[in-house]
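Thanks for asking me to look this one over. My notes are below, written to be read with the structure open beside you.

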Amino acid sequence: MNTILRKSVLGIAGLAFTGGVFAGPVAAHAADTTHAAKPVAVTVQGDKLIPHGVQGEQSRIELGDEQTANVKAIIAATKKAGMDERAAVVSIATALQESKLENLGHL
């Protein structure tokens, strides 16, 4: 009885693996044919590029000397680690959210 159960489980696992082997490339091909590049629409206002769909005034953050130094340190650290520009942007955004780009050594 135990061998019948084991063979059944192995048979089902084999069918699932085989289905994945054949369905994977088919699904990837279907995704590639439906993925069409969409043009990015932007509006130019003076020296700024405004993405399509953005309405109203955009906020701006003035940074102090300490904050600017911290941003430069974050960029240097991501470059040293071999990370791309997006990693630096995510790191800066996180630091801005968590500490307003200020050193919080007193905590």
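The points that follow start with the whole chain and then turn to one helix and its surroundings.

1. **The chain as a whole.** Please keep in mind that this is a predicted model. The protein chain contains three helices and two strands, and their order along the sequence is α-β-β-α-α. Of its 107 residues, 9% count as buried. Among contacts with a separation of 6 or more, 37% join residues 24 or more positions apart.

2. **Helix α2.** This helix covers residues 65-80, which makes 16 residues. From the first C-alpha to the last, α2 reaches 22 Å, close to the 22 Å expected at 1.5 Å a residue. Just after α2, Gly82 takes a positive phi of about 80°.

3. **Two sides of α2.** Which residues of α2 are buried? They are Gln67, Asn70, Val71, Ile74 and Thr78. Seen down the helix axis, the buried residues of α2 fall within an arc of 100°, so they line one face of the helix. The general background is helpful here: an α-helix has 3.6 residues a turn, so residues three or four places apart point the same way. On the other side of α2 you will find Asp65, Lys72, Lys79 and Lys80, which are exposed.

4. **What the buried face packs against.** The partner of the buried α2 residues is α3, residues 85-99. From α2, the residues Val71, Ile74, Ile75 and Thr78 take part in the contact; from α3, they meet Ala87, Ala88, Ser91, Ile92 and Ala95. By class, this contact has seven nonpolar residues, two polar ones and no charged ones.

5. **How the two helices cross.** The axes of α2 and α3 come within 9 Å. They cross at roughly 145°, and the crossing is right-handed.

6. **A closer look at Asn70.** Is Asn70, a residue of helix α2, buried or exposed? With a relative accessible area of 15%, Asn70 is buried, because the cut-off for that class is under 20%. What does Asn70 contact once its neighbours within four places in sequence are left aside? The answer is Leu101, Glu102 and Asn103.

7. **When you look at the model.** I would suggest viewing α2 down its axis, with the buried residues, including Val71 and Ile74, picked out in one colour and the exposed ones, including Lys72 and Lys79, in another. Then bring in α3, against which the buried residues of α2 pack.

Definitions and conventions:
Residues are numbered from 1 along each chain as its sequence is written. This is a predicted model: local features need pLDDT of at least 70, side-chain atom pairs count only at pLDDT 80 or more; totals for chains, interfaces and linings use all residues. Side-chain values use heavy atoms; hydrogens and water are left out. Helices (H or I, at least four residues) and strands (E, at least two) are DSSP runs, numbered from the N terminus. The expected span of a helix is 1.5 Å times one less than its number of residues. Buried means under 20% relative accessible area, exposed over 50%, partly exposed in between (1.4 Å probe, protein chains only). The arc is that of the directions from the helix axis to the C-beta atoms. Contact means heavy atoms within 4.5 Å. Axes are lines fitted to C-alpha atoms, for helices over the stretch in contact, and angles run from 0 to 180 degrees between N-to-C directions. A crossing is left-handed if the near helix is turned anticlockwise from the far one by less than a right angle, and right-handed if clockwise. Ala, Val, Leu, Ile, Met, Phe, Trp, Tyr, Cys and Pro count as nonpolar, Asp, Glu, Lys and Arg as charged, and the others, Gly among them, as polar.
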